[in-house]
Amino acid sequence: MLFIRNFKTLLLVLAAVVLVLGLPGTGSAAEAGGGTIIEAMGTEPTTLDCFKSRRRPEIMILHTMLEPLFVTGPDLKVGPLLVDSWKASEDSKVWTLTLKEGIKFHDGEPFNAPAVKFSLERHMKGSQGGKLKIIEAVEAPDDKTVVLTLKQGYPELLNVLANFDCSMVSPKAVEAAGGDWGNKVIVGTGPVMLSEWRSGDRIILKRNPDYTHGPSWLANKGPAKVAEWHIRFLPEPATLIAELTSGEVDLSDYVTERDVKRVESHANTNLIVAKSTSAIYLAINTKNEPYNDLKIREAMVHAVNAEAVRKAAMSGVASPLAIPIAPTVMGYWPKAAELAEPLIKYDPELAKKMLDEAGWKVGGQGFREKDGKPLAINFLAFNIARYKRMGEVAAPMLEAAGFKVDLQILEPGDLYERVLKGKHDLLSTGLVGSQGIAVDDLVLSFHSDNLGSIVQWCYYQNPEMDKLLDESRYDPDPAKRTEALNKAQELAATTLPVVPIANANEIFGYKKTLKGVEAYTKHPWCFDQVDAYRVLEISK
Amino acid sequence: MLKYALRRLLLLIPVLFIVTVLISSLIYFSPGDPVRVMLGLRAQPEAVARIRAELGLDQPYYIRYLKWLGNALQGNLGRSLQRNEKVSEMILERLPASLEMTFFAVVVALLLAVPIGVVSATREGGLTDNLLSLFSLFWVSMPGFWIAIIAIMIFSLYLGIFPISGRGGPLWDLEGLRYLALPGLILGIRQVAIISRLIRAGMLEILGEDYIRTARSKGLAERLVVYKHALRNAMIPTVTIFGLQIPEILSLSVIIETVFAWPGTGRLLVDAVLKRDYTLVQGIVLVYALLVILMNLAVDLLYAYIDPRIKHE
């Protein structure tokens with residue numbers, strides 16, 4: 001054991017150590033300047049195998065390496081990406097796609113019809129196979145042609161094929177990688193490729209020099225302007241903001257609402273707040289009594305001041321929400337929001353009156369009762385800052401109206417289990433990171449076919465809704481599809497399966513010296529699609 | 001000594017077995033499905049069922065545990081449920097970073113705690129003693145998370161002495177040391193507070209002993225009296241407590257690794273728990289248990305060096 005016998009000597013030695021260590025080093029852990037952009041994420045992906053996972057961290061990275069056959073453009077219309085042309089049979093049951101030529105996977109293998117067949121069939125067996133349930137068979141009669149036969153006519157098939165869940169992967173690479181696929185190996189057609197994954201530290205993506213087929217609306221269709229794109233994992237928000245404002249990190253969309261002012265006002269950074277397709281709400285379990293009664297749900301909605309919740313939970317950096325889908329999604333019907341207005345206005349006195357009329361009277365303990373039963377709400381919230389705060393702010397509002405609220409903040413694993421068992425009455429949550437298509441969002445959340453997945457947290461079962469959503473997808477007449485979709489939105493608005501809170505924003509903090517950030521964030525329609533092509537538009 | 005060490009090593013086996021049974025049952029019986037967590041909110045029930053079967057999660061707990069145990073005895077800790085990577089490789093990738101930070105924290109703790117404790121004891125009741133006591137009380141009371149954030153603000157952002165986060169390289173590399181300095185210091189500073197107080201208490205007791213009075217009356221220099229005669233005896237209880245602090249260092253390192261984005265096994269363990277990655281949790285806990293037991297054995301063996309009267313039988 002080393003003893004320093006003289007305390008003053010100890011202090012001198014320590015000062016010398018600090019001086020040496022504090023000298024500017026050769027650079028930060030990452031390569032500084034030039035052809036590298038460093039982006040910060042708040043969490044590390046679990047796996048990069050899209051067969052297994054569709055969480056936000058995975059999507060943000062994978063979308064830069066993998067591409068679907070079609071892509072949603074800034075006008076919310078789906079256009080070709082890897083496809084040259086396509087045609088559908090009259091009943092929209094058989095689709096023939098002609099692929100673009102000259103595109104290669106990152107491993108040099110050609111992108112062709114057998115690869116499309118392999119990818120789609122793989123995805124059909126994967127975690128998000130639900131979207132592809134409509135496909136009966138995939139054939140590749142030659143290298144350029146893919147024929148999709150559907151179980152029934154589906155005029156909006158391109159929306160499905162534009163989804164990230166249908167991204168193309170290299171068959172040879174998947175088979176060769178075995179268990180390493182998704183960790184050490186990811187091979188797609190995207191503008192960047194996986195270089196290295198340093199566990200706990202960062203993922204390094206490098207430019208695909210052969211990429212030239214970027215979507216039509218991009219000024220730069222490839223290759224990417226920077227040689228490397230590093231994605232660092234910074235789980236502590238304070239550390240992430242410190243790295244961003246100090247200039248060690250170039251960009252992040254993990255800036256929370258709470259840090260908006262700080263990043264905006266800092267000399268080194270700019271901030272963009274862009275509308276997203278995220279709908280944030282309190283989901284009501286419509287299966288549980290007494291919340292299967294529309295009048296009780298309406299009373300609950302009137303009791304919650306959504307504006308106050310937005311201010312408290314999102315620092316006011318969010319827009320109002322009227323129905324359970326965001327107003328930015330393709331196919332949104334503004335009239336549905338108008339119809340919802342009288343039902344969702346904050347009116348605590350009306351809430352109390354409605355509960356009184358329904359026979360729920362205030363008892364001796366301060367909360368409402370009926371036939372000896374309390375008007376109890378088992379209120380769950382994710383232990384994520386936004387949802388936690390929503391719960392903490394909304395709970396007293398509900399208590400003021402006479403509900404007996406038991407708020408529990410839970411981590412996802414525990415919460416998912418309780419939601420799947422229907423043990424919640426109210427859930428602080430939201431539909432985040434959707435593709436931006438109204439019918440898809442409604443099907444996910446309110447079609448009875450989706451009961452059993454967590455996102456059907458309202459346990460919504462309404463044959464009329466099912467019928468409308470089926471019509472809006474499968475009717476061969478576009479006008480009838482639109483009409484059905486509008487009616488579905490009206491039904492979602494007027495049956496109040498949720499307490500609407502906010503259309504959340506995407507917040508991008510970035511170094512002032514970066515170029516191209518405004519270009520890529522001008523497309524508010526879909527978080528996923530926006531992130532994919534940041535690697536093409538942003539440079540130093 | 002050798003027989004004692006071998007006997008302690010043999011005790012590893014039942015201890016590790018009990019640890020793995022406890023941990024695997026705790027995580028198995030905790031609410032939450034690893035496949036649901038992996039697949040996310042939109043996963044279809046059929047996909048969940050299929051992947052559960054592929055991962056063997058539809059089998060009863062005891063069958064899964066016994067399979068894992070059988071493989072572990074052959075050095076195979078299985079594959080991560082989430083990443084499908086070998087658990088041993090995942091741990092080996094992250095363990096050096098954690099060991100570096102722990103080692104640095106221990107060195108900092110000892111380098112600072114010993115002189116602080118000695119000075120406090122030899123200036124008992126004076127201004128120096130009171131200031132150092134306040135110093136210790138402060139670091140023991142403050143939550144590690146808060147200290148870490150404040151340290152980043154002061155030393156990284158305002159003064160620009162240290163990098164904010166991340167790992168710059170191995171410990172023996174100057175750049176690596178720059179990145180390690182602040183998280184290692186924060187991890188070790190709480191131990192400085194605890195150990196210095198122990199040394200102070202031990203020294204105060206020993207400095208009143210007869211043999212110390214004898215040494216002084218023989219004309220020995222005060223430095224020799226304090227460091228050669230008194231400190232060595234004061235170290236025995238300190239070494240005991242230090243051994244017990246090792247698990248605390250490992251658990252606090254999880255928080256420090258999160259704040260400083262340090263790529264160690266602490267963060268890996270927390271992620272694995274939250275994602276219900278059973279095999280990864282079992283593997284990391286097994287390694288941690290092994291480390292704690294071996295470190296405590298090393299501490300026990302150190303007694304014989306400090307006090308030759310102690311013989312391990």
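The following exercises, with worked solutions, concern a predicted model of two chains, A and B.

Residues are numbered from 1 along each chain as its sequence is written, and chains are lettered from A and ligands numbered from 1 in the order in which they are written. In this predicted model, local features need pLDDT of at least 70 and side-chain atom pairs count only at pLDDT 80 or more, while totals for chains, interfaces and linings use all residues.

**Exercise 1. Describe the side of chain B that touches chain A.**

Step 1. Apply the contact criterion: two residues are in contact if their C-beta atoms, placed from the backbone, lie within 7 Å. On this basis, 57 residues of chain B are in contact with 52 residues of chain A.

Step 2. Assign these residues to elements, where helices (H or I, at least four residues) and strands (E, at least two) are DSSP runs numbered from the N terminus. Elements of chain B giving two or more residues include α5 (87–122), α8 (174–206) and α10 (222–259). The largest share, 8 residues, is that of α5(B).

Step 3. Sort by class: Ala, Val, Leu, Ile, Met, Phe, Trp, Tyr, Cys and Pro count as nonpolar, Asp, Glu, Lys and Arg as charged, and the others, Gly among them, as polar. This side of chain B has 32 nonpolar, 11 polar and 14 charged residues.

**Exercise 2. Analyse the geometry and burial of α8(B).**

Step 1. Compare spans, the expected one being 1.5 Å times one less than the number of residues. For the 33 residues of α8(B), a straight helix would reach 48 Å, but the end C-alpha atoms are only 41 Å apart.

Step 2. Locate the bend, defined as the angle between axes fitted to the seven residues ending at a residue and the seven starting there. A kink of about 40° lies at Leu180(B), shortly before Pro183(B).

Step 3. Assess burial (buried: 20 or more other C-beta atoms within 10 Å of its own; exposed: 12 or fewer; partly exposed: in between; C-beta atoms placed from the backbone). In α8(B), 25 of 33 residues are buried, and the helix is mostly covered.

**Exercise 3. Examine the backbone at Pro223(A), Pro290(A) and Ala261(B).**

Step 1. Gly222(A) and Pro223(A) are joined by a cis peptide bond with omega about -10°; Pro223(A) sits in the loop between β9 (202–207) and β10 (228–233) of chain A.

Step 2. The bond from Glu289(A) to Pro290(A) is also cis, with omega near -5°.

Step 3. Ala261(B), a residue other than glycine, has a positive phi near 50°. Ala261(B) counts as buried because it has 26 C-beta neighbours inside 10 Å.
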